[in-house]
Amino acid sequence: DNPAPEVRTLVGRHDDEVLEAAARRLVQIVQQRGVTKPVLVSLGLKPKQEVGTLRGVVRAAGDFVCEALGLMPPPSVEEVTGAMATRRMLE
């Protein structure tokens, strides 16, 4: 329901949509935990990373940020999948 966060590349690969998506997801994770201030994300990755690798980086970074700020960690994939299955069963 919330609009996707604005992401701007300040330095580095300006044409990498996958990195922008990763940064956007990381901001969403932090915002879902109640952070309303602007978030500065810095990703230093090799070009052409696999999607699974980027997901792992975003997950680890999200966990780190949540821990550093004393927030609840983001839900695991299993928790999200279970919640979606439960919602479908209730519909």
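This section describes the fold, core, selected residues and largest pocket of a predicted model.

The protein chain contains 3 helices and 0 strands. Its pattern along the sequence is α-α-α. The chain has 91 residues, and 18% of them count as buried. The exposed surface amounts to about 7300 Å². Carbon and sulfur atoms supply 56% of that area. Contacts across the sequence were also examined. Among those between residues at least 6 apart, 47% join residues at least 24 apart.

The largest nonpolar core was then identified. Five positions make it up: Ala22, Leu26, Ile29, Val58 and Cys66. Two elements, helix 1 (17-32) and helix 2, each give two or more residues to this core. Helix 1 provides the largest share, with 3 residues. In soluble globular proteins, nonpolar side chains tend to be buried together.

Val58 is a core member and is found in helix 2. Its relative accessible area is 8%. Val58 is classed as buried because this value falls under the 20% cut-off. Beyond residues up to four places away in sequence, Val58 touches Ala22, Arg25, Leu26 and Ile29. Of these partners, Ala22, Leu26 and Ile29 also belong to the core. The C-alpha atoms of Val58 and Val27 are separated by 9.6 Å. These two residues are 31 residues apart along the chain.

Leu26 is another core member. With residues up to four places away in sequence not counted, Leu26 touches Val41, Val58, Ala61 and Gly62. The contact between Leu26 and Val58 thus appears in the list for Leu26 and in that for Val58.

Leu54 also lies in helix 2. Its relative accessibility is 6%, so Leu54 counts as buried. Leu54 is in contact with Val18, Leu19, Leu45 and Gln49, leaving aside neighbours within four places in sequence. Val18 and Leu54 are 36 residues apart along the chain. Their C-alpha atoms are separated by 8.5 Å.

Ala60 is placed in helix 2 (residues 51-69). Its relative accessible area is 44%. Ala60 is therefore partly exposed, as this value lies between the 20% and 50% cut-offs. Ala60 and Leu26 are 34 residues apart along the chain, with their C-alpha atoms separated by 9.7 Å.

Glu6 sits in the segment before helix 1. Its relative accessibility is 65%. Glu6 counts as exposed because this value is over 50%. Glu6 and Arg24 are 18 residues apart in sequence. In space, C-alpha to C-alpha, Glu6 and Arg24 are 7.4 Å apart.

The surface was also searched for pockets. Rolling a probe the size of a water molecule over the atoms shows where empty space is left. The largest pocket holds about 630 Å³ of space. Its lining consists of 24 residues. Val7, Arg8, Thr9, Ala23 and Val41 lie nearest the pocket centre. By class, 13 of the lining residues are nonpolar, 5 are polar and 6 are charged. Val41, one of the residues nearest the centre, is also touched by the core residue Leu26.

Conventions: Residues numbered from 1 in each chain as written. Predicted model: local features only at pLDDT ≥ 70, side-chain atom pairs only at ≥ 80, totals over all residues. Heavy atoms only, no water. Helix = DSSP H or I, 4+ residues; strand = E, 2+ residues; numbered from the N terminus. Buried < 20%, exposed > 50% of the residue type's maximum accessible area, 1.4 Å probe, protein only. Contact = heavy atoms within 4.5 Å. Areas by Shrake-Rupley, 256 points an atom, 1.4 Å probe, with all protein chains shown as cover. 1 Å grid on protein atoms, 1.4 Å probe; cavity = no way out; pocket = protein on both sides within 12 Å on 5 of 7 lines; lining within 4 Å. Points joined across faces, edges and corners; volume = space filled by probe spheres on them. Nonpolar A, V, L, I, M, F, W, Y, C, P; charged D, E, K, R; others polar. Core = buried A, V, L, I, M, F, W, Y, C linked by side-chain atoms within 4.5 Å.
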